[in-house]
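Please open the model in your viewer and keep the selection panel at hand. The stops below go from one selection to the next, with a short account of what is found at each.

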Amino acid sequence: EALIHAEYQMKDGLYINTDIGIDIKNNYDGYTYHVPDGELHHVRQDRRRYLTEGESGLRRLELEYITKLTENIYSRMAVGYLEWMYGGVGTEVLYMPHHKQWGLGVEAYWVKQRDFDQRFSFQDYETLTSYINLYYDIPFYNLRFKAKAGRFLGKDKGVTLDISRRFKSGTRIGARVALTDCDTECVGEGSFNKWAYFSIPMDLFFNEGSTRSKGAYEWSPLTKDAGQTILTKGLHEIVTSAQDEVILLQKKNFSLKK
């Protein structure tokens, strides 16, 4: 599949983001195994149908506005087809003091599930998700901790815990788990949702020139519905993207004595 990405800045902080997937060649005709389980609405377990029925389609078309409210407070609003499975409207506010190792945020999205063909129509399922987010840069080994608490896509409530490490090359490797009120029987096979992920700066593959693009991959042993969120770039990731490039220069050395 080829992915055509376009981003147009209408004015300061106001963007139109578009992703269009074009099928070139696939072997989805052999992707027939599909036995979703659990008690939640299938907010992610129907991914096979999105792949096989929407081989080419509109992956994203959103209007996004990002602004700085005060010296330490940032906000983001988005409306449209936010990702390949959901469209809607949402907002996020982030408080992140300068020269501190922590941040606090709140976000909320009203979304509706898109049809499997990934064109312009929707299914009946809709929900409101809302979270309180905590971010903390642990002062050793370049570790970053994230916690998200609230109401998720499947209408389950709980927290996700995320720990990652950034290496000198700019590569980040991490893992995340979801612990919600959807218990083992509710989740189905796998008992709870968990993920491992990494991102690699594309500069590692260039002898000349430079780019701030990153290649990212996320893996889960089973795609389940508990603890799922909208697949959109978070405000904290946007704000810290440039800071991460010089993070080693910003931080003081960790001291056990201190």
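Begin by selecting Thr18, which touches Ile4, His5, Ala6, Leu58, Arg60 and Leu61 once residues up to four places away in sequence are left out. Please bear in mind throughout that this is a predicted model. Thr18 is found in strand E2, which covers residues 14–22, and at 16% relative accessibility Thr18 counts as buried, because the cut-off for that term is under 20%. If you add Leu3 to the selection, the C-alpha atoms of Thr18 and Leu3 are separated by 10.0 Å, with their positions 15 residues apart along the chain.

Next, select Leu82, whose contacts, not counting residues up to four places away in sequence, are Arg60, Glu62, Gly87, Gly88, Val89, Tyr109, Val111, Ile230 and Leu231. Which residues have the most contacts inside the largest nonpolar core? They are Leu82, Tyr86, Val111, Leu153 and Ile230, in a core of 14 residues. Helix H1 (47–53) and strand E6 (102–114) each supply at least two residues of this core. A second core, separate from the one just described, has six residues, among them Tyr74, Leu94, Met96 and Val239. As a general background, nonpolar side chains in soluble globular proteins tend to be buried together.

From there, select His236, which lies in helix H3, residues 235–245. Is His236 buried or exposed? At 6% relative accessibility, His236 counts as buried. Its contacts, again not counting residues up to four places away in sequence, are Glu92, Leu94, Met96, Tyr135, Arg144 and Lys146; of these, Leu94 and Met96 also belong to the second core.

Now turn to the aromatic rings, for which a search of the whole structure finds eight pairs. Select Tyr50 and Phe116 and look at the two rings: their centres are 5.0 Å apart and their planes are at 80°, so the pair is edge-to-face. This pair links distant parts of the chain, since Tyr50 is in helix H1 whereas Phe116 is in the loop between E6 and strand E7 (122–138), 66 residues apart. Tyr50 is buried, with a relative accessible area of 0%, and Phe116 also counts as buried, at 10% relative accessibility. Adding Trp84 to the selection completes the picture here, as Tyr50, Trp84 and Phe116 form one aromatic cluster.

For another pair, select Phe140 and Tyr141, whose ring centres are 5.9 Å apart and whose planes are at 85°, so this pair, too, is edge-to-face. Phe140 is partly exposed, with a relative accessible area of 36%, while Tyr141 counts as exposed at 57% relative accessibility.

Two lysines are worth displaying with the rings beneath them. The charged end of Lys148 sits over the ring of Tyr131, 4.7 Å from the ring centre. With Lys194 and Phe192 selected instead, you will find the charged end of Lys194 over the ring of Phe192, 4.2 Å from its centre.

Finally, select Cys182 and Cys186, which form a disulfide with their sulfur atoms 2.0 Å apart; the count for the model comes to one disulfide. What is the handedness of this disulfide? The torsion about the S-S bond of Cys182 and Cys186 is about -95°, so the disulfide is left-handed. Both Cys182 and Cys186 are buried.

Key:
Residues are numbered from 1 along each chain as its sequence is written. This is a predicted model: local features need pLDDT of at least 70, side-chain atom pairs count only at pLDDT 80 or more; totals for chains, interfaces and linings use all residues. Side-chain values use heavy atoms; hydrogens and water are left out. A nonpolar core is a set of buried Ala, Val, Leu, Ile, Met, Phe, Trp, Tyr and Cys residues joined through side-chain atoms within 4.5 Å. Buried means under 20% relative accessible area, exposed over 50%, partly exposed in between (1.4 Å probe, protein chains only). Helices (H or I, at least four residues) and strands (E, at least two) are DSSP runs, numbered from the N terminus. Contact means heavy atoms within 4.5 Å. A disulfide is a pair of cysteine sulfur atoms within 2.5 Å. Rings of Phe, Tyr and Trp (its six-membered ring) pair if their centres lie within 6.5 Å; planes under 30 degrees apart count as stacked, over 60 as edge-to-face and the rest as tilted. A charge sits over a ring if NZ of Lys or CZ of Arg is within 6 Å of the ring centre and within 35 degrees of the ring normal.
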